[in-house]
Amino acid sequence: MTEWDVVIVGGGLSGLALAVELAQPECAHLRVLVIEKRTEYLRDRTWSYWSTQPHRYSALERKRWHKWRVGFNGRHAVQKTRQNSTVAYCTMDADVFYAYAQQQIAAAPNVHLKMGTAVRDIQDGPVQTVLLDDNTSLRSHWVMDARPLKAPDANSLCQHFVGWEIVTSSDCFDDSTVELMDFQSTNTGLHFLYVLPYGKRQALIETTWMSAYAHRPDYEAELQTYLQDRYGLTTYKRVYREQGCLDLQSMPRTYVKTDGSHKRVSLGRAAGTLRSSTGFAFLETLADARRIAGCFATVPLADVRVPPYRPDWLDGWMDKIFCGGLVADWPRAPEFFLAMFKGVAAETLVAFLTGRPTMLQRLSVSLQLPKWHFLRAAHRALTG
Ligand SMILES: Cc1cc2nc3c(=O)[nH]c(=O)nc-3n(C[C@H](O)[C@H](O)[C@H](O)COP(=O)(O)OP(=O)(O)OC[C@H]3O[C@@H](n4cnc5c(N)ncnc54)[C@H](O)[C@@H]3O)c2cc1C
């Protein structure tokens with residue numbers, strides 16, 4: 001078939017999440033194609049997030065924790081939620097999500113996945129033309145575009161990291177508590193180690209930096225040193241490695257036409273679902289897939305309107321001030337986190353970090369931060 005109702009370019013998190021939504025009975029009238037350039041799905045990342053309520057993929061979570069910790073210079077803050085609370089820190093291996101999404105697509109007669117093919121270009125017209133790298137093309141009424149944005153500039157603020165999942169021969173991790181940020185002293189950015197203990201002998205350990213894109217530390221040496229200094233580990237089995245660099249300042253790709261005829265929509269990170277204060281995009285991306293599918297569910301194709309993704313403006317503004325405050329004083333930045341995690345209840349901080357907090361929750365988190373430092377950051381954010 002060369003003519004489709006919806007073509008999704010990029011079958012990663014956002015593309016597959018949308019395909020799964022369009023595979024539901026409400027959207028069975030749509031002919032949907034996902035075009036993905038990779039030839040197979042492997043575990044290439046681990047999504048972690050604070051869950052506040054169950055979602056379509058909750059059963060795929062590898063583990064949930066009700067306790068997490070941040071530490072710096074011998075001091076630390078621990079936050080807890082009740083064991084039966086819906087608020088928990090969760091993690092999901094990407095390959096499990098990919099396999100589930102592929103199953104859902106295979107079971108839906110209206111949705112198809114084409115792998116091993118990259119989209120070269122998309123051309124506007126009364127119907128969109130999608131040009132593929134095998135020199136063929138296809139046509140679609142709507143195109144949902146999850147292709148990554150261009151690489152950041154050397155000075156762009158990024159969150160970059162390398163993680164190893166290791167297995168040890170004796171117990172050494174406290175599997176009840178996530179080590180969210182174990183800060184290290186530095187003045188070239190914010191540097192912390194992050195430990196997700198899956199069991200007493202198995203954990204994912206990541207060395208994470210928030211700094212300029214051009215700054216590339218020796219991640220592997222940092223991990224080795226941390227494992228030795230913190231856990232006394234010199235021998236362990238490395239079963240998985242992941243690496244990422246998330247541009248925290250990227251401008252989302254927006255396709256907006258003044259004549260109201262725009263039928264291209266950005267998805268995922270390309271649409272701006274990544275939150276710059278946390279580097280998290282997972283739940284927001286799933287929510288956006290539900291929003292987009294909802295636009296198609298109840299109206300005839302010719303009448304469908306899909307507004308572009310819009311993050312909450314206040315969250316965006318507060319994130320800008322927060323990141324500005326960090327960049328202005330890297331050596332003190334760990335103290336800001338410590339103050340926030342010490343000063344407010346877990347549920348309040350989680351509401352703040354996952355979006356849509358109440359004004360009172362925003363205020364109680366903001367009050368933990370040094371006033372003059374962040375007022376100056378707000379002034380800089382306002383004056384450009
Ligand atoms: C290693 C790593 C760990 C992360 N951990 C977390 C986390 O713990 N929590 C969290 O919230 N976020 C995390 N993120 C950030 C974010 O959630 C992920 O990057 C997420 O996968 C973004 O979804 P996406 O759909 O925008 O991009 P992707 O999932 O990267 O999907 C884009 C897809 O487009 C395909 N593609 C690219 N070009 C073309 C083309 N021309 N034609 C066809 N297909 C194309 C790619 O192969 C890819 O499959 C992490 C990111 C990385 C890289």
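Ligand contacts, a helix pair and three loop residues

User: What makes the A281 backbone a polar contact of the ligand?

Analyst: A backbone N or O atom of A281 lies 2.6 Å from an oxygen atom of the ligand. A polar contact is a pair of N or O atoms within 3.5 Å; within protein, one must be able to donate a hydrogen and the other to accept it, and sequence-adjacent residues count only if both atoms are side-chain atoms. So the A281 pair qualifies. This is a predicted model: local features need pLDDT of at least 70, side-chain atom pairs count only at pLDDT 80 or more, and totals for chains, interfaces and linings use all residues. Numbering starts from 1 along each chain as its sequence is written, and side-chain values use heavy atoms, leaving out hydrogens and water.

User: Which atoms of W47 and S48 lie by a ligand oxygen?

Analyst: For W47, a polar side-chain atom, 3.4 Å from an oxygen atom of the ligand. For S48, a backbone N or O atom, at 2.7 Å. In total, 30 residues surround the ligand, and the closest are S14, E36, R38, S48 and A281. Here a residue is near if one of its heavy atoms lies within 4 Å of the molecule.

User: Why is S170 called partly exposed?

Analyst: Its relative accessible area is 41%. Buried means under 20%, exposed over 50%, partly exposed in between (1.4 Å probe, protein chains only). Therefore S170 is partly exposed. S170 sits in the loop between β12 (157–167) and β13 (178–184). Strands (E, at least two residues) and helices (H or I, at least four) are DSSP runs, numbered from the N terminus.

User: What does S170 touch?

Analyst: K200 and R201, not counting residues up to four places away in sequence. Contact means heavy atoms within 4.5 Å.

User: Why are N73 and N135 called exposed?

Analyst: N73 has a relative accessible area of 55%, and N135 has 64%. Both values pass the cut-off for exposed, so the label holds. N73 lies in the loop between β5 (67–72) and β6 (75–80). N135 lies in the loop between β10 (128–132) and β11 (137–145). Neither is a glycine, yet phi is positive: about 50 degrees at N73, near 70 degrees at N135.

User: What makes the contact of α1 with α2 nonpolar or charged?

Analyst: Its residues divide into nine nonpolar, one polar and no charged. Ala, Val, Leu, Ile, Met, Phe, Trp, Tyr, Cys and Pro count as nonpolar; Asp, Glu, Lys and Arg as charged; the others, Gly among them, as polar. So the contact is mostly nonpolar.
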